[in-house]
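Here are some short exercises to work through with the model open beside you. Try each task before you read its solution.

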Amino acid sequence: MSPIPDRVALRRELRQRRRALPAAARIAAADALADRLLALPFFPETGYVAGYWAMDGEIALHAFQVRLPPPLVYCLPLLHADGCLRFAPWRAHDPLVTNRHGIPEPDVDPQSALQAADMALLVLPLVGFDAGCRRLGMGGGWYDRSLAARRAQAAPPWLAGAGFEAQRVASIASEAWDVPLDAVCSEQATYLPAPVR
């Protein structure tokens, strides 16, 4: 029986894979990802849609953001002192500040920002994923803490992971704190979890 891959080593390998992709491939992937996200079977018609600011080789959401239909409001996450994320509307050229992890976020008071449950759809970055829509994140737990209510019940928002196909692995072991995703989109495919029997 082979050992379960060490999550730290797997994160390191997958982050290197996505960083190694050439610029032209990244741009084409961002466009293809936008098509897949906009075609999700549960894509909302109105409300707030949260994305992320791509860092460390993550697949970018700029093409997705500019193609959102007008009734939808694009939001970016902000770190909150309670260890959870909040979300604030953001448009290109709105002011940003850098948080303690070096990630740009909207220049608003986190106390006045929206909760995860206020989002209609949340697009999450990932380090790795499998075809069953299990996600390997950076390991800080921000999304899992922010979306903990989803583990107990099917509550808003819809959750879609976004990554390059190069980040897909055969299997990712689930931990008790992991929040299940409703889909994962790459530039090549849309993955939906198998229905529960």
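Accessible areas come from the Shrake-Rupley method with a 1.4 Å probe, and for residues only the protein chains shown count as cover. This is a predicted model, in which local features need pLDDT of at least 70, side-chain atom pairs count only at pLDDT 80 or more, and totals for chains, interfaces and linings use all residues. Residues are numbered from 1 along each chain as its sequence is written, and side-chain values use heavy atoms, with hydrogens and water left out.

**Exercise 1.** Describe the surface and interior of the protein chain.

*Solution.* Start with the accessible surface: it comes to about 10200 Å², and carbon and sulfur atoms hold 57% of it. Next, turn inward: 47% of the 197 residues are buried (under 20% relative accessible area, 1.4 Å probe, protein chains only).

**Exercise 2.** Work out how the strands of the open sheet are arranged.

*Solution.* First, list the elements: the protein chain has 5 helices (H or I, at least four residues) and 11 strands (E, at least two), taken as DSSP runs numbered from the N terminus. Second, follow the pairing (at least two DSSP bridges between two strands): 7 strands make an open, mixed sheet in the order E3-E2-E1-E6-E9-E10-E11. Third, look at the edges: E3 (85–89) and E11 (190–191) each have a single partner strand, so one side of each lacks a neighbour in the sheet.

**Exercise 3.** Examine how E10 meets E11.

*Solution.* Locate E10 at residues 183–185; 2 bridges join it to E11, and the two run antiparallel. Then find Cys185, which stands opposite Thr190 in E11.

Note on methods. Buried means under 20% relative accessible area, exposed over 50%, partly exposed in between (1.4 Å probe, protein chains only).
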